[in-house]
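Trainee: Could you walk me through reading a model like this one, feature by feature?

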Amino acid sequence: MAAANAVRAGGQFGFEQTINKKLSLAADWITGRHAAGYFTPGLIYKPHPKVTAYFSYSIGNAGAKNGNHFFLFELGYNF
């Protein structure tokens with residue numbers, strides 16, 4: 001076996017709560033102590049029906065005290 005001690009199960013959880021037609025609260029959590037394991041709370045802002053901006057802060061499941069946390073900004077456009 002290539003990865004005998006690897007974690008083979010986990011979860012991805014998300015939450016969104018609409019505040020008004022342009023603003024929502026959101027949080028995502030991917031379980032595990034690997035490169036994708038983060039808790040990310042933030043805001044979703046829709047200034048236009050085709051544009052969405054995400055403002056959030058990602059906190060690593062492992063190593064957060066050692067600097068594994070960062071601001072995250074994403075911009076989406078619907079064609």
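Trainee: Why does Tyr-45 count as partly exposed?

Mentor: The general idea is a scale of relative accessible area: buried is under 20%, exposed is over 50%, and partly exposed is in between (1.4 Å probe, protein chains only). Tyr-45 comes out at 35% relative accessibility, so it counts as partly exposed. Bear in mind that this is a predicted model, where local features need pLDDT of at least 70, side-chain atom pairs count only at pLDDT 80 or more, and totals for chains, interfaces and linings use all residues. Residues are numbered from 1 along each chain as its sequence is written, and side-chain values use heavy atoms, leaving out hydrogens and water.

Trainee: Where is the place of Tyr-45?

Mentor: Look at strand β3 for Tyr-45; strands here are DSSP runs of E, at least two residues, numbered from the N terminus.

Trainee: Which nonpolar residues make a surface patch?

Mentor: For a patch, you take residues with over 30% relative accessible area and no salt bridge (Lys or Arg side-chain nitrogen within 4 Å of an Asp or Glu carboxyl oxygen), and join nonpolar side chains (Val, Leu, Ile, Met, Phe, Trp, Tyr) within 5 Å. Areas are Shrake-Rupley values with a 1.4 Å probe. Here Tyr-45 joins Ile-19, Leu-25, Leu-43, Phe-55, Phe-73 and Leu-75 in a nonpolar patch of about 670 Å². Strands β3 and β5 are the elements that give two or more residues to that patch.

Trainee: What separates the C-alpha atoms of Ser-24 and Tyr-45?

Mentor: Just compare sequence spacing with distance in space. Ser-24 and Tyr-45 are 21 residues apart along the chain, and their C-alpha atoms are separated by 6.7 Å. Ser-24 is in strand β2.

Trainee: Is Ser-24 buried or exposed?

Mentor: Ser-24 is buried, because its relative accessible area is 12%.

Trainee: What about Ala-27, buried or exposed?

Mentor: Ala-27 also lies in strand β2, and its relative accessibility is 16%, so it counts as buried. Measure off the spacing to Gln-17 too: Ala-27 is 10 residues from Gln-17 in sequence and 9.3 Å from it in space, C-alpha to C-alpha.

Trainee: And where is the place of Gly-32?

Mentor: For Gly-32, go to the loop between β2 and β3. Gly-32 is partly exposed, because its relative accessible area is 29%. In sequence, Gly-32 and Ala-62 are 30 residues apart, while their C-alpha atoms are 8.2 Å apart in space.

Key. Patch = residues over 30% accessible without salt bridge, like charges linked within 9 Å, V, L, I, M, F, W, Y side chains within 5 Å. Helix = DSSP H or I, 4+ residues; strand = E, 2+ residues; numbered from the N terminus.
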